[in-house]
Amino acid sequence: MTLKGKGYFMWQVPKCDGGDPARIAARCRSAGLSHVMFKIADGANWAYNYDPTRRIEYIPPVAAALHGVGIKVWGWHYVRGDDPVGEARLAIQRMRTLNLDGYIVDAEREYKEPGKKVAAQRFMQELRAGLPNTPVGLSTYRYPQVHYSLPYSQFLERCDFAMPQVYFEFAHDVEQQLERSVAQYQALQPARPIVVTGPTYNHNAWRPSAEEVLRFLQRARQMGLAAVNFWAYDFATRSTMIDLWDAVAGYDWPVEGQVADMPERLVGRLNEKDPKLVAGLYLENAAHVTGERTVIGREAVRQWYEDLLKKTLPNGTFQITGKSGSGSTRQFTWTAHSDRGSVVDGSDTLGLGPDGNRILYHYTSFSLS
């Protein structure tokens, strides 16, 4: 499953429109949401949004109402790593019981402690044994280079998405923080498609403005991200913060179609599997560079794509996972799946010609697994 569009995290269902399924579904549909994420577990023993005394599950009726209006429903789980097998088994049990569309692992400060790499590997191994086909995302800190002790690679090697929490608390440099976060996640190994999470809550005296939330959405869209999330429904629907909900609801994020920028045009033509069409995006004197060689000229570029599409990645399907840059330069990351294997670490730089409609320089790096 590929996430597209706008989504919201939910924390405590009874505190979201009183837990009323019809009200929640109507609000989410009116806001144009494509997905909603419920907290389903905490640690290894706490089934969240479940009342054990009365044996009441709060999620199923709301999930059914959301599914009824075409909104995907995911579950998220705060993990600590002290009992990774127990946490994974609880995740599997909750996901199967609730019949949700995807799962998000929320790993934060406890996973920065020494020795947690092994715990992350064990957790993901056990989780994937029980949920082999469920899409999985990692939700955690916005800046891997600051929180470097968290075992990103051990989580991401078995995840489908990275979901950085870009909470720009007590600051106003929305675009800069978003770009910095995406760039740092693009540099991780393995790189995964990025779905950023923005803030619609308050922390002491701080809260974002509606204008900052709008800027967050606009820049995420401009960067070519396919989806965006916000934390959290519980807070944004309060009367004191309804302007933040309205900012998200009022922003039109088409689920189909992307901005017709050069990386999207290039990947779109790759998916048409015609080397001549791909080469048509290049200037006659364009340079195409890899770590092994440089070729000059449109015909040489066409020949390279002939080999890529027929020999290296036959029947390949390509997808952009992140994008940055402006003016005459674009950087983007990508994945591909083909009959010969997959690429999860594609990383390219484009230099555009004077009119911005053709590629003058292209550096590409990827490995086949």
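Which residue lies over the face of Tyr48? Select Tyr48 and look for Lys39, which lies over the ring face at 4.2 Å from the ring centre. Keep in mind throughout that this is a predicted model.

**The whole protein**

Zoom out and show everything as a cartoon. Twelve helices and 17 strands make up the picture. The radius of gyration is 22 Å, and the globule rule gives 21 Å for 369 residues, so the protein is as compact as a globular protein of that length. Along the principal axes, the C-alpha atoms fill a box of roughly 70 × 40 × 40 Å.

Now switch on the surface. About 15700 Å² is exposed, and carbon and sulfur atoms supply 49% of that area. Of the 369 residues, 56% are buried. Contacts often span long stretches of sequence: among those between residues at least 6 apart, 72% join residues at least 24 apart.

**Asn49, beside the starting point**

Go back to Lys39 and select Asn49, a residue that touches Lys39. Asn49 lies in the loop between strand S3 (46-47) and strand S4 (50-51). Is Asn49 buried or exposed? Its relative accessibility is 7%, so Asn49 counts as buried.

Show the side chain of Asn49 and follow its polar atoms. The side chain reaches the backbone oxygen of Trp11 at 3.0 Å. A polar atom of the side chain also lies 2.9 Å from the backbone nitrogen of Val13. Beyond four places in sequence, the residues that Asn49 touches include Gln12, Pro14, Ile56, Tyr58 and Arg94.

**Aromatic rings**

Colour Phe, Tyr and Trp next. The model holds 24 aromatic pairs. Select one of them, Trp74 and Phe161: the pair is edge-to-face, with 6.0 Å centre to centre and 65 degrees between the planes. Trp74 lies in strand S6 (residues 72-79) and Phe161 in strand S9 (residues 161-165), so the pair ties together parts that are 87 residues apart in sequence. Both Trp74 and Phe161 are buried.

Then select a whole group of rings. Tyr8, Tyr167, Phe168, Phe170, Tyr201, Trp206, Phe216, Phe230, Tyr233 and Trp245 form one aromatic cluster.

Stay on one member, Phe170. It lies in the loop between S9 and H6. Its phi is near 60 degrees, a positive value in a residue other than glycine. Phe170 is exposed, with a relative accessible area of 53%.

One further ring is worth a stop. Select Tyr141 and Lys112: the charged end of Lys112 sits over the ring of Tyr141, 5.1 Å from its centre.

**Thr237, beside the cluster**

Pick Trp245 from the cluster, then Thr237, which touches Trp245. Thr237 lies in the loop between helix H8 (233-236) and helix H9 (242-250). At a relative accessible area of 15%, Thr237 is buried.

Which backbone oxygen does the side chain of Thr237 reach? That of Tyr233, at 2.7 Å. Thr237 also touches Arg27 and Ile242. Now add Asp17. The C-alpha atoms of Thr237 and Asp17 are separated by 7.9 Å, although the two residues are 220 residues apart along the chain.

**Two cis peptide bonds**

Show the backbone from Trp231 to Ala232. A cis peptide bond joins these residues, with omega about -5 degrees. Ala232 lies in the loop between strand S11 (227-231) and H8.

Move to Gln189 and Pro190. The peptide bond from Gln189 to Pro190 is cis too, with omega near 0 degrees. Pro190 is in the loop between helix H6 (174-186) and strand S10 (196-199).

**Lys273 and Lys310**

Select Lys273, in the loop between helix H10 (262-270) and helix H11 (275-279). Its phi is near 65 degrees, again a positive value in a residue other than glycine. Lys273 is partly exposed, with a relative accessible area of 35%.

Finish at Lys310, in helix H12 (residues 298-312). How many residues along the chain separate Lys310 and Asp274? They are 36 residues apart, and their C-alpha atoms are separated by 9.8 Å. Lys310 is exposed, with a relative accessible area of 54%. Show its side chain together with that of Glu306: a polar contact of 2.5 Å joins the two.

Terms used. Residues numbered from 1 in each chain as written. Predicted model: local features only at pLDDT ≥ 70, side-chain atom pairs only at ≥ 80, totals over all residues. Heavy atoms only, no water. Phe/Tyr/Trp six-rings, centres within 6.5 Å; stacked < 30°, edge-to-face > 60°. Helix = DSSP H or I, 4+ residues; strand = E, 2+ residues; numbered from the N terminus. Buried < 20%, exposed > 50% of the residue type's maximum accessible area, 1.4 Å probe, protein only. Lys NZ or Arg CZ within 6 Å of the ring centre and 35° of its normal. Polar contact = N/O pair within 3.5 Å; in protein donor to acceptor, adjacent residues only side chain to side chain. Rg over C-alpha atoms; globule rule 2.2 N^0.38 Å. Contact = heavy atoms within 4.5 Å. Areas by Shrake-Rupley, 256 points an atom, 1.4 Å probe, with all protein chains shown as cover.
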